Structure formats: C-alpha cells, structure tokens
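Please open the structure in your viewer and keep the selection panel at hand, since each stop on this tour begins with something to select and then says what is there.

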Amino acid sequence: MTSDSPDNPNVASAALKQWVAETARLTQPDQIVWCDGSPGERQRLLASAVKSGVLIPLNPRKRPGCYLHRSDPRDVARTEEVTFICTPSAHEAGVTNNWMAPDEAYRKLGAMLKGSMRGRTMYVVPYVMGPVGSPYAKIGVEITDSIYVALSMGIMTRMGECALRMLGESDDFNRGLHCTLDLNPEHRFICHFPQDNTIWSVGSGYGGNALLSKKCFALRIASWLGRKEGWFAEHMLIVGIRNPEGHTKYIAAAFPSACGKTNLAMLLPPPALQGWKVYTVGDDIAWLRVGPDGRLWAINPENGYFGVAPGTSARSNPNAMRMLGHDSIFTNVAMTPDGDVWWEGMDVEPPSELIDWRGRKWLPASGEKAAHPNSRFTTPIRNNPVLSPHVDDPCGVPISAIVFGGRRATTAPLVLEAKDWLHGVFIGATMGSETTAAASGKVGVVRRDPMAMLPFAGYNMGDYWRHWLAMEPRITEPPRIFMVNWFRKAPDGSYLWPGYGENLRILKWMLARIEGRVKGRQTFLGRVAEPEEIDLSGLEIAPAQLARALAMDPTEWKAELASAGDFFQQIGSSVPEELLRLHRELSNSLEAGRV
Ligand code: OXD
Ligand code: MN
C-alpha cells in the first residue's frame, strides 16, 4: 500500500491517521509509505534498498534472500549515554536512567525533527508485539525515514495490516518516531515518554536504538506498563526443555546483552544427553503474566532474532548457523570475495582476502577485526529449526524456572538456587556482569546489571524491584529462581565450564531440583549443585575444575556484597526495605563465617 496521502489506508484508526498527518507536517517527507507487510511490498522495498546502496545482496546460491548492510562506523551499538526516560519527575526515572523533562525533550527533538524528512520517504510501520489477537499482545506503530529499519521491522515484528486490523478504531498504540538525521552522534537522542506511550529516537540507525519495537517499546515502555497493569516485561529468553519421557518445562533466563541468550535459547543437546530436546520460544524478551492457575506465563513479543554474529559457529550454535542460511539481513559483518559472510569466531578459516565491516579490503595480517564485535544478524523467527510449536500460543507458556546470569570471571558459581522469591529477587537485583560490545563504552568492566535490565528498566530501579516483590502474593505457583555463570575463569584465564550445548546439563540439574530429585549444597545464599548431581556423561572435565566452577569463595562474596550495598545506596530511598534487610542478614552471615 503506497501512498503520498496519509489518509489512504481505510483500516487505520482515526487516531493513527491523525498522528501520521501531524508527524508528516513536522518532518515534511517527500512521500509516505504505509507498510502492509505483504511479500510483494517486501520485494519492492528490498529492491529499492539495493538500488540506493543501503543493502548489498549476498550470493543467492550460498545465502538466498540474504543482504549485507554496513552502518555508519560511528553507529554500531546501543548508546546508553544518550538514552533518556522522560517522566514528569526525575525520581520516576531513577538514578540508573538519564532523565529529561518531557517538555524539554519534545522541544529539543522537535526542533531537530522539523523538516528532517525533506527529500526522504516516511515509512509508517504498524506492528504487533506478541501473537496476533493474543490478549497479551500490544500494538505499536513506528514512523521511520530508514528503509533498513522498515525492512528490519518486517523481520522482527508481526508487521503490517495484521496490526491495523487488530488496532481497529482504538487509539491505544505505541507511537514511535524515528529519524536518522545525519547520524552524527552529537545529534543522537533516544527518548521515552512512558506516560504518553511514545518514543522519539533521532540520529541512529542501530537496531537497539532504531527498531523501536525492541528495547524501547518491548522493554523500557513495556516495563512501565507492566508495573501499571500488573505484569513483567523482562530481558529474558524463553526456552522449552523436553526430557526423554516427552515432558516439556519452560525456563525464562535473563542475561545482559551479548552473553549468549540466543545460544542458550536454541541450544543443541550434547550427544550423550540422548532424548533431550530444546525448543526456542524467545531469545531476548519475555512478557510474563500471572495465569488463572497462579503460574507465570510467558510470551515472546518478537517475531525475529537480532543476534550477535561474532562467536556464532557450528560449534557454539548450529541451529543459528542453519537459520542464517536464508532470508536474513547481516549488519557490519565481513564479506567474502564470493559474496558470503564471515565473522570472527565463525570457526571457519577466513579466505585470503575479505571486505571488512567498513567496506575496506582486509587481509589476515591486517591485525584488525574483519567483522565489528557487535555485528548482527536479523532473521525471521520461523527460520529457527528448533522453534517451539507454542510460539504463537496466545497465552504463552508456563514458566517453571527463572534464571539470572551474568558474565563473571570470578565469584558467581556455575549454578545456585535461591531459597525463595525474596532471595531470588535479591540475586537478580544485585547481579553483576562484565560490559560487552552491545553498548558503546569500555568492554569487560564489571557493573551491576539488575535482572539484566540496567539499560532497559523504563522507571526507577528501586520501584522496579518493589514491583517484583509486590507480585509475589499473586504468583501462587511461583517459578524457582536460579543464578548461573557460564563464564567463570581459572587463574590462567581459561573458562572453567565448556558452555554452549553443555549448559543443558545445568538446566537439567535445575529441573531435577524442581522435581525434588537432587538436594544441592546449602550455602549462605542458596543451594549450589553438588558435582555428582550434574549429569557429566560424555563430558571430560577435571573434578577440581568443576569444583572451582561451583565454589562460593567467602572473600569474593564479601566484596560482592559490599558492591551490592554500594549499589543499593546509589539507588537511594526507593530500594525496598526487604532487600536492605536481606542484604544485612547475608552480610552478617558471611562475617560470622557461614558460607
Ligand atoms: C540486544 C541487546 O540487541 O541487548 O538484544 O543489546
Ligand atoms: Mn538484548
């Protein structure tokens, strides 16, 4: 449906038409394209993106339907320093978010948006987050001047007429306005207005800043809506684990960006764990509600994967390698002379020459990375060979366990089960992780990343924790809560645990705990697996190495709790008293020598 009049689509609600008209008056595009999500439209947009050089077609014999996009080299990751929560008061945003007053943000960005689409096309992209028609799904509309964004939204969401039909005459939709401007980082702002269900993002084309359905709507705005409406929007994968008897249990797991969520979500069981199978429901975001049975039920609001390419290989994630074989958009990876893709950690020798992510000739001796460390793939969910049959289930899947994990070279054990909901919330709230290339800034620095939501909680972190605690009485059949750490290292810098598919052994231990078949070892914080309780069949790992991966070192934990205490102080008066009390009790236990 192409039109230069915003009034064209008959099915759009009056509120939507009015907002599109207002936005067009502000930004002055040359033409307006309402995206209908049809295959024909996709082909037209792809052809146009190729013609303008936004996309480079890859070798159709090797990667049918696949394209490469190279971004501006200054625009390769999320930029948390220019991401703002624009609530009436600064307190509502809290100290972990940048805050700007809504009036100021609208004025400042409004000035930048004035006439900003002159000479450009404005795409109106309606989309559904969650299964179409599900009572838990929500609708958004993104207006963008980027064809790359429009095409990526067509992969990442259920996009087009289905959203307009579901919206009907309602005015209840997220209003996302995105404009690339000149991509100068100095003109970059990602502003969220939770009270208005609105996002304005300017100056970046990077996925996490520009595909407004994802981090901006499905996490920052949705977390705020979740508190208001009594549910959770979380930075969690959702995975189904089927045991050899054919019973499937679902786990939701929060890990910070670029810590292996996609790999865990589509894990291939090791050969020795015969009969086990893993199904992906989601790899990045979970919306969790309390069902009539008192359990937590999760849907994946997305319809595609926006995953980190480097490190993805036939060994680390064979299912991802299969799904990347067709109909995917790659961003900032390297290109081989025969029009295929390459990245570091693909476990394939690079050819003698490549074109690097910036479009320059690359030789193995150049000493630089050929693919950007945060280069990405954008792939339809249906490409995944182990997609859960319940991915479109309007009610989602019931969650038996919640996992909090970080990237920690020290301190955090391979697996630990929290004593109860409060302990679990504490573990999530005080989680630390080393920073990665998914956000701009220094990589490898440990920071507190509560529930892996530090960059994504759309309101005051202390209030977010209060919401977690306040939900407890409603969840009468609560999931168990675990902490994991796949990344602990030996003093020589090697990883203590092999990770990837072998992580199923740890998930299996969790299921055994839930079924009461193993006890673990009680520690001051919760139960850590005993080495003999972990299924090690077919895996060679020295007992001392495994013991180290599972160790709770009092000195490390004293430092950890001190850092958690500092973090609570930083958050200030909104930290729930229950968490402060538990922190005091745990610190006292450690001081008293109880580990
Ligand atoms: C992502 C991220 O892209 O967390 O999922 O940065
Ligand atoms: Mn993420």
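Begin by selecting Arg382 and Asp392, which form a salt bridge whose closest N and O atoms are 3.1 Å apart. Both Arg382 and Asp392 sit in the loop between strand 25 (376–380) and strand 26 (397–405), with their positions 10 residues apart in the numbering. This salt bridge belongs to a structure that holds 29 salt bridges, and it should be kept in mind throughout that the model is predicted.

Next, colour the chain by its domain assignment, which gives domain 1 as 2–55 + 74–229, domain 2 as 233–301 + 392–589, and domain 3 as 305–383. If you place a marker at the C-alpha centre of domain 1 and another at that of domain 3, the two centres lie 28 Å apart.

Now restrict the view to the place where domain 1 and domain 3 meet, where 14 residues of domain 1 are in contact with 14 residues of domain 3. Domain 1 and domain 3 bury about 1000 Å² between them, and 66% of that area is on carbon and sulfur atoms. To see where the domain 1 side contributes, select Val76, Tyr148 and Ile155, which lose the most area to domain 3 and together account for 48% of what that side buries.

Which polar interactions should you look for across this boundary between domain 1 and domain 3? There are four residue pairs in polar contact, counted with both residues at pLDDT 80 or more, whereas the count of salt bridges between these two domains is zero.

Then select helix 5 (147–156) and helix 7 (207–210), each of which supplies at least two residues of the side of domain 1 that touches domain 3. Helix 5 gives the largest share of that side, namely five residues. Coloured by residue class, the side of domain 1 that touches domain 3 divides into eight nonpolar, three polar and three charged residues.

Finally, centre the view on ligand 1 and display the residues around it, which are Arg78, Lys214, Lys215, His235, Ser257, Asp284, Phe306, Arg376, Ala438 and Phe456. Three distances to oxygen atoms of the ligand can be inspected here:

- For Ser257, a polar side-chain atom lies 2.5 Å from an oxygen atom of ligand 1.
- For Lys215, an N or O atom in the side chain is 3.0 Å from an oxygen atom of ligand 1.
- For His235, a polar side-chain atom lies 3.3 Å from an oxygen atom of ligand 1.

Methods. Residues numbered from 1 in each chain as written. Chains lettered and ligands numbered in written order. Predicted model: local features only at pLDDT ≥ 70, side-chain atom pairs only at ≥ 80, totals over all residues. Heavy atoms only, no water. Domains from an automatic or database assignment. Contact = heavy atoms within 4.5 Å. Buried area = accessible area lost by both parts, 1.4 Å probe. Salt bridge = Lys/Arg side-chain N within 4 Å of Asp/Glu carboxyl O. Polar contact = N/O pair within 3.5 Å; in protein donor to acceptor, adjacent residues only side chain to side chain. Helix = DSSP H or I, 4+ residues; strand = E, 2+ residues; numbered from the N terminus. Nonpolar A, V, L, I, M, F, W, Y, C, P; charged D, E, K, R; others polar. Near = heavy atom within 4 Å.
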